[in-house]
2 protein chains.
Amino acid sequence: MSGISGTQMAERQGVTDEAMIASVEPVLASFVRSVGLPRNLREAVEYALLEGGKRLRPLLSMHSAIAVGGTADDALPAAAAVEMIHAFSLVHDDLPALDNDDLRRGRPTVHKAHGEAMAILVGDGLMSIAFQLICERSSDAGLAGQLCAELAQGTTRMIAGQVLDTLGGHDAATDVERLRETHRQKTGALIVAACRMGAIAGMWRHGGRGGRGANGVREDDLLAVTRYGNAVGLMFQLVDDLLDVEQSTEQLGKRSGKDAEAGKLTYPVVMGVEASRMEAARLLEEARSSAQRLECGAGLIDLAEAMARRDR
Amino acid sequence: MSGISGTQMAERQGVTDEAMIASVEPVLASFVRSVGLPRNLREAVEYALLEGGKRLRPLLSMHSAIAVGGTADDALPAAAAVEMIHAFSLVHDDLPALDNDDLRRGRPTVHKAHGEAMAILVGDGLMSIAFQLICERSSDAGLAGQLCAELAQGTTRMIAGQVLDTLGGHDAATDVERLRETHRQKTGALIVAACRMGAIAGMWRHGGRGGRGANGVREDDLLAVTRYGNAVGLMFQLVDDLLDVEQSTEQLGKRSGKDAEAGKLTYPVVMGVEASRMEAARLLEEARSSAQRLECGAGLIDLAEAMARRDR
């Protein structure tokens with residue numbers, strides 16, 4: 001570990017979290033405008049993608065790039081693409097046949113605002129545009145191929161997790177194991193992909209310490225980033241479940257208490273609230289120790305701590 | 001042009017259309033099994049992907065690879081991935097909020113057989129698995145990046161075309177122009193992608209005549225393949241529209257006459273049946289002359305002729 005704080009690290013790089021998010025927004029907006037969509041589809045895609053959102057996954061990508069010796073900008077295409085996949089998943093998960101949600105980020109969901117047919121096609125479009133963005137904005141085709149591989153695997157696992165969550169199909173026997181199997185895929189897989197893609201992009205040009213030189217991937221660093229991603233991915237879901245129990249709809253910007261209403265398995269239901277809090281603390285420690293193995297992992301540590309503290 | 005027929009070409013290469021299709025099927029089946037889906041999702045994906053289908057797009061990919069001096073096997077990952085994208089589009093297009101079809105290839109559609117939630121997730125999964133397949137089965141990451149770029153663009157345009165077809169949003173002013181704008185995207189874009197991906201994969205290792213050597217793309221050949229794809233793509237849709245007017249549901253394996261019922265613009269409605277037939281013949285000639293520019297384009301010519309003659 002470098003011994004300096006994430007804030008100092010960010011200042012040294014001249015990049016705060018706010019600046020990182022501010023650098024992703026125009027990539028998202030300009031790329032959607034560039035692909036030649038019909039106006040009605042473009043407006044619905046923009047509604048789904050551009051207004052609101054914590055941009056957590058882009059931050060994970062950019063901090064992962066910095067953590068392995070690259071820059072936040074190296075990870076911009078990966079960051080934007082992962083956010084598009086996240087946006088697609090929200091649009092489809094909200095559909096009447098799935099979670100049937102009317103409200104998202106304090107606004108009507110896409111199918112409420114633009115109709116169900118458009119919402120299905122907006123989700124589909126966001127997925128393909130994400131892969132397009134990686135291919136058209138990456139520095140070379142080899143990097144694009146590596147990033148697409150990570151994104152595609154993360155997306156497939158996320159979809160599998162959504163099936164487990166809404167339609168069942170588990171291999172695991174106990175409730176705790178099922179819950180972990182679901183969330184490792186539904187939430188965790190794309191978070192891991194965000195981290196790995198950022199790290200791969202950050203290593204690509206810079207190679208750096210102990211690496212295979214230019215355009216290479218250092219497996220030990222990638223492993224540490226993967227462990228970090230797995231830990232914060234599960235922690236994120238635990239915090240989400242705890243917020244759903246503890247917060248009001250107004251604070252969350254989406255309907256709260258709906259997990260319990262729907263009879264869904266959640267960590268607080270299966271493990272109890274206190275044990276869930278302790279598990280979240282354990283995962284934060286795991287994330288911290290994984291990030292400490294990286295050259296410049298302080299930003300990842302700060303981000304994990306902010307994720308543990310979040311209240312919406 | 002080589003001066004030998006497509007059949008002779010195929011025999012010289014030891015590959016008939018039947019053999020090509022037979023080589024794609026196990027790639028589709030084994031890849032779906034390999035990605036670790038929950039059993040219920042895997043079975044629904046297999047239902048959507050493995051049973052039936054003309055496999056036209058894989059044939060276009062493989063014949064395009066041969067046409068530029070490669071082999072059918074070079075195009076296998078591209079061929080399988082394009083077919084997965086095609087299968088995804090059918091599953092989502094059939095949904096109640098879109099075309100609301102109960103029947104596909106003579107069987108209940110995916111949402112009728114597996115429920116609407118699963119059908120949405122099957123379509124999503126087929127798209128991400130398609131990109132996964134390209135990345136994991138291509139000979140190197142640079143080729144994977146190039147193929148993903150083509151596939152992503154083709155998929156986005158296909159989705160835009162579906163929006164135009166079902167929800168409007170045209171730029172074009174006249175019915176004929178709108179029809180062409182819709183079908184260039186809805187049907188044509190993925191057919192063009194199938195051809196271009198096959199050609200890129202076929203050129204990758206072989207380089208060949210007048211090329212930039214190994215791992216390069218010959219732009220003149222790619223342009224000829226693109227022109228071929230554009231011509232057969234529009235022709236395919238014309239033939240489809242003509243079949244919808246002329247054939248029974250039993251012959252087609254899907255509901256016939258539904259375009260007219262739905263008041264949709266089709267070529268026979270806008271141009272009349274005879275003018276549609278003449279336009280199809282003109283496009284066949286355009287496909288033929290584009291393929292003749294290629295070193296080994298005879299297989300593409302035979303395929304275009306078979307597409308013009310098809311009766312289902």
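# A tour of a predicted two-chain model

Of the 312 residues in chain A, 54% are buried. Keep in mind on every stop that this is a predicted model.

**Stop 1: chain A as a whole**

Select chain A and switch to a cartoon view. You will find 15 helices and two strands in chain A. If you like contact maps, draw one here: taking the contacts in chain A between residues at least 6 apart in sequence, 73% join residues at least 24 apart.

**Stop 2: I21 and its partners**

Still in chain A, pick helix α2, residues 17-34, which holds I21(A). Is I21(A) buried or partly exposed? I21(A) has 18 C-beta neighbours inside 10 Å, so I21(A) counts as partly exposed; the cut-off for a buried residue is 20 or more.

Show the residues around I21(A). Setting aside residues up to four places away in sequence, I21(A) touches R55(A), P58(A) and L59(A). For a view across the chain, add a distance label from I21(A) to R293(A): these two are 272 residues apart along the chain, and their C-alpha atoms are separated by 25 Å.

**Stop 3: two residues with positive phi**

Now go to N100(A), in the loop between α5 (76-93) and β1 (103-104) of chain A. Check the backbone torsions: phi of N100(A) is near 50 degrees, a positive value in a residue other than glycine. N100(A) counts as partly exposed because 14 C-beta neighbours lie inside 10 Å.

Follow the chain to R105(A), which sits in the loop between β1 and β2 (107-108) of chain A. R105(A) is not a glycine either, yet has a positive phi of about 50 degrees. With 14 C-beta neighbours inside 10 Å, R105(A) counts as partly exposed.

**Stop 4: a glycine in α10**

Select helix α10 of chain A, residues 219-246, and zoom in on G229(A) within that helix. Which class does G229(A) fall into, buried or exposed? G229(A) counts as buried, because 27 C-beta neighbours lie inside 10 Å.

Next, colour the contacts of G229(A). Leaving aside neighbours within four places in sequence, they are I191(A), V192(A), C195(A) and R196(A). For R196(A), label the C-alpha to C-alpha distance to G229(A): 8.0 Å in space, with their positions 33 residues apart in sequence.

**Stop 5: α4 against α5 in chain B**

Move over to chain B and select helix α4 (residues 56-67) together with helix α5 (residues 76-93). The two pack at an angle of about 155 degrees, and their axes are 8 Å apart. That angle makes α4(B) roughly antiparallel to α5(B), the cut-off being over 145 degrees. The crossing of α4(B) past α5(B) is right-handed.

To see the contact itself, show sticks for R57(B), P58(B), S61(B) and M62(B) on α4(B), and for A78(B), A79(B), A80(B), V82(B), E83(B) and H86(B) on α5(B). Colour them by class and you get six nonpolar, two polar and two charged residues.

**Stop 6: α7 against α8 in chain B**

Hide that pair and bring up α7(B) and α8(B), which pack at an angle of about 160 degrees with axes 9 Å apart. That makes α7(B) roughly antiparallel to α8(B). Here, α7(B) passes α8(B) in a right-handed crossing.

The side supplied by α7(B) consists of M127(B), A130(B), F131(B), I134(B) and C135(B), while α8(B) brings A144(B), L147(B), C148(B), L151(B) and T155(B). By class, this contact has nine nonpolar, one polar and no charged residues.

**Stop 7: where the chains meet**

Show both chains and select the interface: 44 residues of chain B are in contact with 44 residues of chain A. On the chain B side, α3 (39-49), α7 (116-137) and α8 (141-167) each supply at least two residues. Which helix gives the most to this side of chain B? The answer is α8(B), with 18 residues. Coloured by class, the side of chain B that touches chain A divides into 25 nonpolar, 15 polar and four charged residues.

**Last stop: superpose the copies**

Finally, lay chain B on chain A: a turn of 180 degrees and a shift of 0.0 Å along the axis does it, with an RMSD of 0.0 Å. That is the relation of a two-fold axis. The same surface serves both copies, as 100% of the contact residues of chain B recur in chain A.

Methods: Residues are numbered from 1 along each chain as its sequence is written. Chains are lettered from A and ligands numbered from 1 in the order in which they are written. This is a predicted model: local features need pLDDT of at least 70, side-chain atom pairs count only at pLDDT 80 or more; totals for chains, interfaces and linings use all residues. Two residues are in contact if their C-beta atoms, placed from the backbone, lie within 7 Å. Helices (H or I, at least four residues) and strands (E, at least two) are DSSP runs, numbered from the N terminus. Ala, Val, Leu, Ile, Met, Phe, Trp, Tyr, Cys and Pro count as nonpolar, Asp, Glu, Lys and Arg as charged, and the others, Gly among them, as polar. Copies are superposed by least squares on the C-alpha atoms of residues with pLDDT of at least 70 in both. Axes are lines fitted to C-alpha atoms, for helices over the stretch in contact, and angles run from 0 to 180 degrees between N-to-C directions. Angles under 35 degrees count as roughly parallel, over 145 as roughly antiparallel, 65 to 115 as roughly perpendicular and the rest as oblique. A crossing is left-handed if the near helix is turned anticlockwise from the far one by less than a right angle, and right-handed if clockwise. A residue is buried if 20 or more other C-beta atoms lie within 10 Å of its own, exposed if 12 or fewer, and partly exposed in between; C-beta atoms are placed from the backbone.
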